[in-house]
Amino acid sequence: MSENTGPVETNSASRDHWTGQYGFLMAAIGSAIGLGNIWRFPGVAYSNGGGAFILPYLIALLFVGIPVLFLDYSLGHKYRGSAPLTFKRLNSKAESLGWFQVMVSFIITVYYAVIVAWAMMYAIYSVRLAWGEDTTSFFVSDFLQASGDLISFKPVLSILIPLVVLWFFVLFILGRGVSKGVERLNRVFLPLLVVLFLIMVVRALFLPGALEGLNAFFTPDWSALFDANVWLAAVSQIFFSLSIAFGIMLTYASYLPRKANLAGTGLVAGFANSSFEILAGIGVFATLGFMANQQGVGLNELEGITGVGLSFMTFPAIINQMPGGPLFGVLFFISLVLAGITSLLSLLQVVSGAFQDKFGYSARKAAVTVGAVAGVVSVVLFSTTTGLNTLDVVDAFINNVGVVFSAILMTLLAYFAVPKVRALRKHLNLASSVPVPAAWDWIVGLVTPALLAVMLFQALIGYVTEGYGDWSATSPNVLIFGWGTIVVAVIGAIVFTKLPWREAKHEDVIKFKGEED
């Protein structure tokens, strides 16, 4: 076993755990199924070869997504801690990587909550189609009250109120701990999400033009398979949708009992996430096919097939024209809320778990501490008239630079640090019913970081030379909210690493009989 450089070990029974494999699985799937599954995957698939994209997508799932998911599971389960404690135990100099992952999760949390708050309001608006005929103008001008200023502290009440309510709710759940809070919520919300979304998809399949939409989604453009960017897009989609390499699955796995089927659970979670993404694609494109049919245009002539525009501008316009539109709208936006809350809780647990491990906080104290800071930042920056622009830039940089950089460092560390990735594979096999082959070592340690390095290089070149969106590389938006976000994450990681460990109760590192040091 590697040198234990963390705090002194005490009673392992003090740390909360999932009540069983099913509870962990519900939480893991709930984390993976989020807003990106519903609005990002359909657009990425459509713009990267349609049906042909499914092939590189599945290959990326099998050869990148699930291997890195296994890495998260093995690290969390073996070293029994949040990201900072896990990496400190893996290598005495690696704690800062754990805190960088905590900072990434924190930053995503503060703007992710705002999108969930939007969906909460739109579920209410759906009842009477309050957005009217011009859904784009309503979203941008009436609902967000968006301005072109760099930053404004003028609050928008229609966002502020549901955002505050959301923060109180998720922090109440988080404060109840892993088994009584996060697990219980996922046991209810995840099945409810699947049922509601299935009802919505079935309704969409019977709309006029639905078949044309499905044809556009599944018809393969085989030439796309020879485009390297399509394969990188597949890796990117799998990577972000599985919630891997920035602390979530590592933290969740640390709450598993000693006897846990790691690889089997990982396979179920990975394929459940991808199945939901394909289901989302079917529902979204059946609905877009209806819209194209109503307008008498081809699907390729529609705009807003992905991202915020799909959910809050295109879909309301479709709902206006749809028989039984209000019911469809309520189902769609409640699905967004449920998916968003389960993912939001997983992000918060990364931060809460780190504070509990390093500073000896209880789950409730960590929730209050984390929530007070995150809630204030969320309200101040993203519930204002400039919230949309700020959110857009922060999201792009923290995902395309922060998450990818974190993943590269994590995979390389696991491959080269003692006891190296071979020992982690041995741990996986001793704790799993499904054997992990030796090829996993070089897939995780060499292939994955190489692919991610290409993705990171492309993103950096684009941001440095062209900027982001309508903003140049030297614009205040890019410099402050783009690069500034990365700087904040790095500084936060350094500061928290330097702070002393307080007396806290931690579990011993798990070492099975016959496991390598």
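**Figure 1. Arg-187 and Glu-183 pair up within helix 9.** In this predicted model, a salt bridge joins Arg-187 to Glu-183, with 3.0 Å between the closest N and O atoms. The two residues sit about one helical turn from each other because they are four residues apart in helix 9 (residues 177-205). An α-helix has 3.6 residues a turn, so residues three or four places apart point the same way. The two partners differ in how much of their surface is accessible: Arg-187 is partly exposed, with a relative accessible area of 34%, whereas Glu-183 is buried, at 1%.

**Figure 2. Arg-425 and Asp-441 form a salt bridge between helix 18 and helix 19.** Here the side chains come together with an N to O distance of 2.7 Å. Arg-425 belongs to helix 18 (residues 420-430) and Asp-441 to helix 19 (residues 439-465), so the pair ties together parts that are 16 residues apart in sequence. Arg-425 is buried, with a relative accessible area of 15%. Asp-441 is buried too, with a relative accessible area of 13%.

**Figure 3. Arg-80 and Glu-507 link distant parts of the chain.** Their side chains meet in a salt bridge, 3.4 Å from N to O. Arg-80 is found in the loop between helix 4 (54-79) and helix 5 (83-90), while Glu-507 is in the segment after helix 20, 427 residues apart. Both Arg-80 and Glu-507 are buried. If you would like to look for others, the whole structure holds five salt bridges, and a network of them links Lys-88, Glu-95 and Lys-358.

**Figure 4. Helix 5 is largely enclosed by the rest of the structure.** Why can we say so? Eight of the eight residues of helix 5 are buried. Follow them along the helix and you will meet Ala-83, Pro-84, Leu-85, Thr-86, Phe-87, Lys-88, Arg-89 and Leu-90. These buried residues pack against helix 4, helix 6, helix 12, helix 15 (325-359) and helix 17 (387-416). Lys-88, one of the buried residues, also takes part in the salt-bridge network with Glu-95 and Lys-358.

**Figure 5. Phe-143 sits among the best-connected residues of the largest nonpolar core.** This core has 189 residues, and those with the most contacts inside it are Phe-87, Trp-118, Phe-143 and Phe-239. Helix 6 provides the largest share of the core, 23 residues. Which residues does Phe-143 touch, leaving aside its neighbours within four places in sequence? Its contacts are Trp-118, Met-121, Tyr-122, Tyr-125, Phe-138, Val-156, Ser-158 and Ile-159.

**Figure 6. Seven residues make a nonpolar patch on the surface.** Leu-150, Ile-151, Phe-153, Val-376, Val-380, Leu-479 and Ile-480 together form this patch of about 600 Å². Helix 16 (363-382) and helix 20 (476-498) each contribute at least two of the patch residues. Phe-153 is located in the loop between helix 7 and helix 8 (157-175), and its relative accessibility of 57% counts as exposed.

**Figure 7. Leu-129 and Ser-243 both have a positive phi.** Most residues other than glycine have a negative phi, and most peptide bonds are trans. Leu-129 is not a glycine, yet its phi is about 50°. You will find Leu-129 in the loop between helix 6 (95-128) and helix 7 (135-143), where it is partly exposed at 25% relative accessibility. Ser-243, with a phi of about 60°, lies in the loop between helix 11 (228-241) and helix 12 (248-253). At 6% relative accessibility, Ser-243 is buried.

**Figure 8. Val-297 lies in the loop between helix 13 (262-295) and helix 14 (307-321).** With 29% relative accessibility, Val-297 counts as partly exposed. Apart from neighbours within four places in sequence, Val-297 contacts Ala-292 and Leu-302. How far apart are Val-297 and Pro-84 in space? Their C-alpha atoms are separated by 53 Å, and the two residues lie 213 residues apart in sequence.

**Figure 9. Residues 1-13 have pLDDT under 50.** The protein chain averages a pLDDT of 90, and 96% of the residues score at least 70. For residues 1-13, the model has 33 contacts beyond four places in sequence. Where pLDDT is low, the predicted coordinates should not be read in detail.

Technical notes
Residues numbered from 1 in each chain as written. Predicted model: local features only at pLDDT ≥ 70, side-chain atom pairs only at ≥ 80, totals over all residues. Heavy atoms only, no water. pLDDT = per-residue confidence, 0-100. Contact = heavy atoms within 4.5 Å. Buried < 20%, exposed > 50% of the residue type's maximum accessible area, 1.4 Å probe, protein only. Patch = residues over 30% accessible without salt bridge, like charges linked within 9 Å, V, L, I, M, F, W, Y side chains within 5 Å. Areas by Shrake-Rupley, 256 points an atom, 1.4 Å probe, with all protein chains shown as cover. Salt bridge = Lys/Arg side-chain N within 4 Å of Asp/Glu carboxyl O. Core = buried A, V, L, I, M, F, W, Y, C linked by side-chain atoms within 4.5 Å.
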